[in-house]
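Here is a quick tour for someone who spends more time at the bench than at the screen. Have a look at the sequence and the fold first, then read on.

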Amino acid sequence: WLLRTPGLIYVAVWTVNMLVWACLGALGAFMYLWANDWKNDVPRTHSDREVWVAKGLGIFFLVMCALWLCTLVFLRKRINLAVGLVREAARAVIDMPLIVLYPFLQAAGLVLFLVPWSFYSV
């Protein structure tokens, strides 16, 4: 019944995509600012290499955040199309609930074939 709620799949997909974007941005900003705090510490507790690595990771994650946002902007129509396809597939599963048992039937057939075959091959 959750899949029949109008707009729920769209909201879930776009919320997850925006959360990924926000996490990348927050991680990048945190690492960059953390590196600057390490650099300005009076009793130097971190080496120049650690500061450099933290700043580099911060810049990397900020670039990934920008690339993720560009990907979302340029692929928004395809993402919405994929969400529509998932909705239709969910409707098919709702209309034909026994279709989810097909892989188990196929696995049982495989086992029924492999047991005598392995017995006679040995």
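What follows is a short walk through charged pairs, a greasy patch, the cysteines and one asparagine.

## Before you start

Keep in mind that this is a predicted model.

## Salt bridges

How many salt bridges does the count come to? The answer is 2. As general background, side chains of opposite charge can pair when their charged atoms come close.

One pair joins arginine 44 to aspartate 48, with 2.6 Å from N to O. That makes the cut because a side-chain nitrogen of Arg has to be within 4 Å of a carboxyl oxygen of Asp or Glu. As for their surroundings, arginine 44 is partly exposed at 43% relative accessible area, while aspartate 48 is exposed at 56%.

The other pair to look at is arginine 91 with glutamate 88, where the N to O distance is 2.5 Å. Both residues sit in helix α3, which covers residues 76-95. They are 3 residues apart, or about one turn of the helix. Arginine 91 is partly exposed, with 40% relative accessibility, and glutamate 88 is also partly exposed, with 45%.

## A nonpolar patch on the surface

Now turn to the nonpolar side chains. Trp52, Val53, Leu57, Ile59, Phe60, Val63, Met64 and Leu67 make up a nonpolar surface patch of about 750 Å².

Take leucine 67 as an example: this residue belongs to helix α2, residues 48-74. Is leucine 67 buried or partly exposed? It's partly exposed, at 47% relative accessibility. Patch residues need over 30% relative accessible area, so leucine 67 with its 47% clears that bar.

## Cysteines without partners

If you were hunting for disulfides, you'd come up empty: the structure holds 0. Cysteine 23 is in no disulfide, and the nearest cysteine sulfur, in cysteine 65, is 9.9 Å away.

Why is cysteine 70 not bonded to cysteine 65? The two sulfurs are 9.6 Å apart, which is too far for a bond, because a disulfide needs the sulfur atoms within 2.5 Å. For cysteine 70, cysteine 65 holds the closest cysteine sulfur. Cysteine 70 itself is partly exposed, with a relative accessible area of 38%.

## A buried asparagine

Last stop is asparagine 17, in helix α1 (residues 8-39). This residue has a relative accessible area of 12% and counts as buried, because the cut-off for buried is under 20%.

Which residues does asparagine 17 touch, leaving aside neighbours within four places in sequence? Asparagine 17 is in contact with Trp68, Leu72 and Ile79.

Definitions and conventions:
Residues numbered from 1 in each chain as written. Predicted model: local features only at pLDDT ≥ 70, side-chain atom pairs only at ≥ 80, totals over all residues. Heavy atoms only, no water. Buried < 20%, exposed > 50% of the residue type's maximum accessible area, 1.4 Å probe, protein only. Helix = DSSP H or I, 4+ residues; strand = E, 2+ residues; numbered from the N terminus. Patch = residues over 30% accessible without salt bridge, like charges linked within 9 Å, V, L, I, M, F, W, Y side chains within 5 Å. Areas by Shrake-Rupley, 256 points an atom, 1.4 Å probe, with all protein chains shown as cover. Contact = heavy atoms within 4.5 Å.
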